[in-house]
Amino acid sequence: VSIKFFFFKSGASVMLCINTNNKRTVETYFNTGYSSALLNANNPSLGLSQISVSVVNNVLNCSVRRENSNANTNFFNLNTQQPFLLAAYGNVDAQGS
């Protein structure tokens with residue numbers, strides 16, 4: 001199970017909250033069209049800290065602290081761009097993405 005939070009503007013910076021049998025985390029992705037990729041394969045949670053993922057009474061809870069910006073140009077800059085928040089819920093693949 002995952003929840004995606006999108007920040008739209010010519011592409012989408014995505015925070016993906018993941019809860020599977022072997023993976024509970026929040027990762028950062030960038031969408032172009034219908035495909036997405038980790039912003040940094042070596043650091044899947046780039047720009048994120050204080051990550052907490054839990055399920056209480058069948059409700060997925062994700063808590064995360066996000067940097068306003070960083071050096072990755074596909075990481076949505078909250079200091080200079082207006083975000084639009086969209087949440088989506090769905091299944092993840094066997095790798096948890």
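Visitor: What makes the link of Cys17 and Cys62 a disulfide?
Guide: The model is predicted, and in it the two sulfur atoms lie 1.5 Å apart. The cut-off is a pair of cysteine sulfur atoms within 2.5 Å, so the pair counts as a disulfide. A search of the whole structure finds one.

Visitor: Which parts of the chain does this disulfide link?
Guide: Distant parts, 45 residues apart. Cys17 sits in strand 2, residues 12-19. Cys62 sits in strand 6, residues 59-66.

Visitor: What is the handedness of the link of Cys17 and Cys62?
Guide: Left-handed, with -65° about the S-S bond.

Visitor: Why is Cys17 called buried?
Guide: Its relative accessible area is 1%. Buried means under 20%, so Cys17 qualifies.

Visitor: And Cys62: what does it count as?
Guide: Cys62 has 30% relative accessibility. That value falls between the 20% and 50% cut-offs, so Cys62 counts as partly exposed.

Visitor: What makes the contact of Lys23 and Glu27 a salt bridge?
Guide: Their side chains meet at 3.0 Å, N to O. The limit is 4 Å between a side-chain nitrogen of Lys or Arg and a carboxyl oxygen of Asp or Glu, so the pair qualifies. The whole structure holds one salt bridge by this search.

Visitor: Are the two partners buried or partly exposed?
Guide: One of each. Lys23, at 22%, is partly exposed, because buried requires under 20%. Glu27, at 4%, is buried.

Visitor: Which residues make up the largest nonpolar core?
Guide: Met15, Cys17, Val26, Leu48, Val53 and Leu60, six residues in all. Strand 2 and strand 5 (48-56) each supply at least two of them. Another core, of five residues, lies apart from it and includes Val14, Leu16, Ile18 and Tyr29.

Visitor: Why is the set of six called a core?
Guide: The term requires buried residues of the listed nonpolar kinds, joined through side-chain atoms within 4.5 Å, so the name fits this set. In soluble globular proteins, nonpolar side chains tend to be buried together.

Visitor: Which residues does Leu48 touch?
Guide: Beyond four places away in sequence, Leu48 touches Met15, Val26, Glu27, Thr28, Val64, Arg65 and Arg66.

Visitor: How many helices and strands does the protein chain have?
Guide: Zero helices and seven strands. Along the sequence the pattern reads β-β-β-β-β-β-β.

Visitor: How many of the residues count as buried?
Guide: Of the 97 residues, 32%. The accessible surface comes to about 6,100 Å², and 47% of it belongs to carbon and sulfur atoms.

Technical notes: Residues numbered from 1 in each chain as written. Predicted model: local features only at pLDDT ≥ 70, side-chain atom pairs only at ≥ 80, totals over all residues. Heavy atoms only, no water. Buried < 20%, exposed > 50% of the residue type's maximum accessible area, 1.4 Å probe, protein only. Helix = DSSP H or I, 4+ residues; strand = E, 2+ residues; numbered from the N terminus. Contact = heavy atoms within 4.5 Å. Areas by Shrake-Rupley, 256 points an atom, 1.4 Å probe, with all protein chains shown as cover.
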